[in-house]
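User: Please take a close look at one sheet and its surroundings. Go strand by strand, then follow the contacts outward.

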Amino acid sequence: MNLTSKLPNVGTTIFTEMSHLAHKHRAINLSQGFPDYMPDSNLLDLVEKSFRKAGKNQYAPLAGIFSLRETLCNKLNHLYGSNYHPETDITITAGATQAIFTAISAFVRKDDEVIVFKPAYDCYEPAIELYGGKPVLIQMQAPDYIIDWEEVQRKVSKKTKMIIINTPHNPTGKVLKKQDLVKLQEILEGTDTLVLSDEVYEHIIFDDNKHQSVAKFKDLWERSFITYSFGKTFHVTGWKLGYCVAPKALMKEFQKVHQYNVFCVNHPLQIALNDYLQKEELYLELSQFYQEKRDYFLDLIKDSRLEFAPSEGTYFQPVSYKNITTEKDTAYAIRLIKEKKLASIPVSVFNKNKQDDKILRFCFAKRNETLEAAAEIINSL
């Protein structure tokens, strides 16, 4: 058969590659973003109970169980002053990546342009290209990674179907400020451009920064999809469960794709998560938990030859190794695994044209003993 790939330039993700190498060489894995500690035992108990409930191991409703949708809409409306309705404005998804893919597939057509800020999480561009869209890339520059809104203004045109933003930002750990969202709102006034806002780290934000969700800005809210992740919030990335919110008209189109993509997602986990979410301190105190981990890790490596500014959000810390070597970051990351038994993510893979700024990304969502062992290696470089 003569097969033609729709994604000829897409290979194995950097996360899979680095985790495979870490396993092969028995390296400490600070590359892929997952915790190495157990989730709350209370949540696991709720899961066990929900699996044993009669009739709850069959299909869930397409949009998710109503009680969970109601809890989540109440949560968002309370935190951000939004007005999401559980009947029409929310869908429970198989993780945030599925939500992102579904929002793109529901609206992006051939030759539509989608603005993506680089470095960018690697699921955005393939989804755009799969539907014939054109990613319009805007590079944020290290080490500050600030969006050039004048460049955005120049790039927005009648072809711009969507702009994708991510805050707190993976892989840089940066957080968009209120003035950023206000500027985006001004740029999009009078256009038909949609916004896809990846906010999976909404509760992991540090140093008294406030999460500026697009849900807080009426003119953005009306044109936006927002994606969230239970896996990131509750240390259960393997559950692949998230949710997406958008105004009724947008969500209606989203669900047309969702029903033929996955139709619905894990029913008993939805029940357990709804029960667990009734205690708001379980997510409101998450920032303190991760800030302590960030600060502990950075204190351990403060005398190393790496340069860094503390991450503003997420559980990732970018570091510059320019004082150690001039090697390309991909080569240096592989050498660190093979020779030093420490795995990281080279940030150039997320940049426009693989721009190499000599930056690696470490995940600090790890037990203290893991961070201590990693720091010992870092301090020896």
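**One sheet and its surroundings**

Analyst: Three strands make up an open sheet in the order β9-β12-β11, and their pairing is antiparallel. The model is a predicted one. β9 covers residues 316–320 and β11 covers 345–346. Both are edge strands with a single partner, so one side of each has no neighbour in the sheet.

Take the pairing of β11 and β12. β12 spans residues 359–363, and two bridges join β11 to β12. The two strands run antiparallel. Within this pairing, I345 sits opposite R361 of β12.

Now the helices. α14, residues 329–340, lies across β11 and β12. α14 runs at about 45° to β12. α15 follows at residues 368–378, with T370, L371, A374, A375, I377 and I378 buried. Viewed down the α15 axis, the buried residues lie within an arc of 155°, so they line one face of the helix. What do the buried residues of α15 pack against? Their partners are β1 (28–29), α13, α14, β10 (342–343) and β12. β12 is thus a shared contact: α14 lies across it, and the buried residues of α15 pack against it.

Next, the charged pairs. Side chains of opposite charge can pair when their charged atoms come close. The whole structure holds 17 salt bridges. One of them joins K177 and E312, with the closest N and O atoms 3.1 Å apart. This pair ties together distant parts of the chain, 135 residues apart. K177 belongs to the loop between β5 (160–166) and α7 (178–188). E312 belongs to the loop between α13 (286–300) and β9. Are the two partners buried or exposed? K177 is partly exposed, at 27% relative accessible area. E312 is buried, at 17%, because the cut-off for buried is under 20%.

Other salt bridges deserve a look. The side chains of K358 and D356 meet at 2.8 Å, N to O. D356 is partly exposed, with 24% relative accessibility. D299 and K302 also form a salt bridge, at 3.4 Å from N to O. D299 is partly exposed too, at 44%. D36, R367 and E369 are linked in a salt-bridge network.

For context, turn to the other sheet. Seven strands form an open sheet ordered β2-β8-β7-β6-β5-β3-β4, with mixed pairing. Its edge strands are β2 (90–93) and β4 (134–139), each pairing on one side only. From one strand to the next, the twist averages 20°. β5 is one of the strands in this sheet, and the loop with K177 lies between β5 and α7. The K177–E312 salt bridge therefore joins a loop that borders β5 to a loop that borders β9.

Elsewhere in this sheet, β7 (residues 224–229) and β8 (residues 242–245) run antiparallel, joined by four bridges. I226 stands opposite V245 in β8. Helix α10, residues 248–261, packs on the sheet and touches β2, β6 (194–198), β7 and β8. The direction of α10 makes about 30° with that of β2. Helix α3, residues 66–80, lies across β2, β7 and β8. α3 runs at about 115° to β2.

Key: Residues are numbered from 1 along each chain as its sequence is written. This is a predicted model: local features need pLDDT of at least 70, side-chain atom pairs count only at pLDDT 80 or more; totals for chains, interfaces and linings use all residues. Side-chain values use heavy atoms; hydrogens and water are left out. Two strands pair if DSSP finds at least two bridges between them. Axes are lines fitted to C-alpha atoms, for helices over the stretch in contact, and angles run from 0 to 180 degrees between N-to-C directions. Contact means heavy atoms within 4.5 Å. A salt bridge is a side-chain nitrogen of Lys or Arg within 4 Å of a carboxyl oxygen of Asp or Glu. Buried means under 20% relative accessible area, exposed over 50%, partly exposed in between (1.4 Å probe, protein chains only). The arc is that of the directions from the helix axis to the C-beta atoms.
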